[in-house]
Amino acid sequence: MTHQFPALSPEQKKALSDIAQRIVASGKGILAADESVGTMGNRLQRINVENTEENRRAFREILFSSDASINKSIGGVILFHETLYQKDSTGKPFPAIIKEKGIVVGIKLDAGTAPLAGTNGETTIQGLDKLSERCAQYKKDGADFGKWRAVLKISSTTPSQLAIQENANTLARYASICQQNGLVPIVEPEVLPDGDHDLQRCQYVTEKVLAAVYKALNDHHVYLEGTLLKPNMVTAGHSCPKKYTPQDVAAATVTTLLRTVPAAVPGICFLSGGQSEEEASLNLNAMNQSPLPKPWKLTFSYGRALQASALAAWLGKSENKKAAQEAFCKRAQINSLACRGQYVTSGKTDAAAMQSLFTASYTY
Amino acid sequence: VGSMAKRLNQIGVENTEENRRLYRQILFSADSRVKKCIGGGIFFHETMYQKADDGTPFVQMIKDKGIVVGIKVDKGVVPLAGTDGETTTQGLDGLSERCAQYKKDGADFAKWRCVLKISDNTPSALAIMENANVLARYASICQQNGIVPIVEPEILPDGDHDLKRCQYVTEKVLAAVYKALSDHHVYLEGTLLKPNMVTPGHSCPTKYSPEEIAMATVTALRRTVPPAVPGVTFLSGGQSEEEASINLNAINTCPLVRPWALTFSYGRALQASALSAWRGQRDNANAATEEFVKRAEVNGLAALGKYEGSGDDSGAAGQSLYVANHAY
């Protein structure tokens, strides 16, 4: 370890860095449309739509065929494996449609959680087997970034040292393999919002987790300028009796990031983690208005918080396509403003936007 | 005392307590011009309790200029058995009580120097981990006593390695340091970092420009030092006075985003000309103080990226201050 064996050539580094910069270019964030089959099932069930491949395809088509101006708010889209190989109704592959709009295509790479024996219900993430070959193929098929979600939970005994260290290590292995194959790794160490802990507790845990993640990335020789971080915002647990403002959330979150995330990381794209669409936008906005210094972009990588209104407008009916697209574009624009700290709420928001999207112990 | 001996020896002055006192008096008598460029002064234990000719304690002279007083608290290096000549640093015993006393006596920050070396076998994983851990323990204890810890993980410039090698090692060392600080619950906003600049080894045949040094240094810091750290105060590590200023200036004009203040914590690179001018003669005291103020102002400009260089590499300012395997 005292010898330097460069993991990447200067050309490889530049290519990765360029991709990362494009994804988080000013005012842009990520649409996380990579729900697995099972998770998509949950979403469709809420609007009484059957979970068929065609329905999943149809809904994604609605999102991806939105007007090209969506590229002012969306820099990247994360897809699930199935979706990467689906086409629109004219037979055009989804990656092509997305890329045509100047948006970068990403692919979910993890294979879900696996239990850590001897812990209090904690997990690690699978998916490292043959990951390099899979990355190479996805790169050929149009992807330029990857995503891998690790999950940690707060309770009186968790997260344990083992869970933190093991998840940090697998994230670093995944990131290293991605970069070897020209994919920018989005590193996602999600600390779940489940529980009744307060804001301070979440801040403490998030600081410990992120410190471990960046030590692991360093140990594994990952090129930070060619990565993105997808963390939870620092919030109180879902059943915490105390309420906090977006400014509280912003101050706690930015402070945590300042203490743990090196300035070399180009962008931090928050997950929405069960917050309502409006909450997720207000919190992101407050962060970008925070007087604390912010040497990285602070943007979004939202799934539920970008799609809830669109799903509610669609209801599985093709005649609702335009309404669904408008709902989606509206949320995208709002979040783009939030990236710049320029979102001013109208004071009235519709039911879908305010609805909490919390699902206990959320798995994709 | 030992390091001061080397300095005084170079100008033919005997290493007595009185000479050490006279010399520090020259520095601390600098006029108010230093207020703009010197924010802190690090003392050795003996110096904390010395006074000027008129009986004013040095600590008070410094504080009267609005400068923060700091104290060196480590007790030097000790060998790590089973390694290739590597060391850790001692000084943790009774450190809390010592910090409390120093705080009472006027110190508001402290310094602790760890040393790592680059060679085919070093720094080893043990050396990196052990030095990072001891730095974190020291930092934690300081903060418990109201003292800001300056964290100094120096990677020596000895060797023929190139710039890239130094950068690689510096990144590994700093990553370990900040993980240890996190593990020990150290409050980063109340610390400072005193690292080496990223430079080639002293006997490296390839020459690099200040801009290359700046780029390598800032890149290494951006990859490892959390933005919560308010300032990075570079050690000069044997660079000449002029080199240390030119490099600091290049660092402050580097086009990369730098979320911390990037400034200096210089010993030799602030004092060489002053020592040379003094040569132990009382009559030279004012001239010596003037040399010191000059270097301080130059580095003040360099810390803002506004120093244009002297254009003149001769004399004391251009002379390499490299001492092999430097120990304080």
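A cavity is a set of grid points where a 1.4 Å probe fits but cannot get out, and its lining residues have an atom within 4 Å of a point. With that in hand, let's look at this predicted model. Two topics are worth your time here: an enclosed space and a helix. Searching the whole structure turns up five cavities of 30 Å³ or more.

**The second largest cavity**

- The volume of the second largest cavity is about 70 Å³.
- Eleven names are easier to find in the structure if you take them in order: the lining is made up of L31(A), L63(A), F64(A), S66(A), I70(A), I74(A), V77(A), I98(A), K101(A), I103(A) and F328(A).
- Helix α3 (53-64) and strand β2 (74-79) of chain A each contribute at least two residues to this lining.
- By character, the lining residues are nine nonpolar, one polar and one charged.

**Helix α6 of chain A**

- In helix α6 (residues 131-140), the buried residues are L131(A), C135(A) and Y138(A).
- Looking down the axis of α6(A), you would see these buried residues fall within an arc of 65°, so they line one face of the helix.
- A general rule helps here: an α-helix has 3.6 residues a turn, so residues three or four places apart point the same way.
- On the face turned away from the buried side, α6(A) carries the exposed residues E133(A) and K140(A).

**What surrounds α6**

- The packing partners of the buried residues of α6(A) are α4 (81-84), β3 (104-108), β6 (145-152) and α7 (161-180) of chain A.
- After α6(A) comes G142(A), which has a positive phi, near 115°.

Note on methods: Residues are numbered from 1 along each chain as its sequence is written. Chains are lettered from A and ligands numbered from 1 in the order in which they are written. This is a predicted model: local features need pLDDT of at least 70, side-chain atom pairs count only at pLDDT 80 or more; totals for chains, interfaces and linings use all residues. Side-chain values use heavy atoms; hydrogens and water are left out. Buried means under 20% relative accessible area, exposed over 50%, partly exposed in between (1.4 Å probe, protein chains only). Helices (H or I, at least four residues) and strands (E, at least two) are DSSP runs, numbered from the N terminus. The arc is that of the directions from the helix axis to the C-beta atoms. Contact means heavy atoms within 4.5 Å. On a 1 Å grid over the protein atoms alone, a cavity is a set of points where a 1.4 Å probe fits but cannot get out, and a pocket is an open set with protein on both sides within 12 Å along at least five of seven lines; lining residues have an atom within 4 Å of a point. Grid points are joined across faces, edges and corners, and a volume is the space filled by probe spheres set on the points. Ala, Val, Leu, Ile, Met, Phe, Trp, Tyr, Cys and Pro count as nonpolar, Asp, Glu, Lys and Arg as charged, and the others, Gly among them, as polar.
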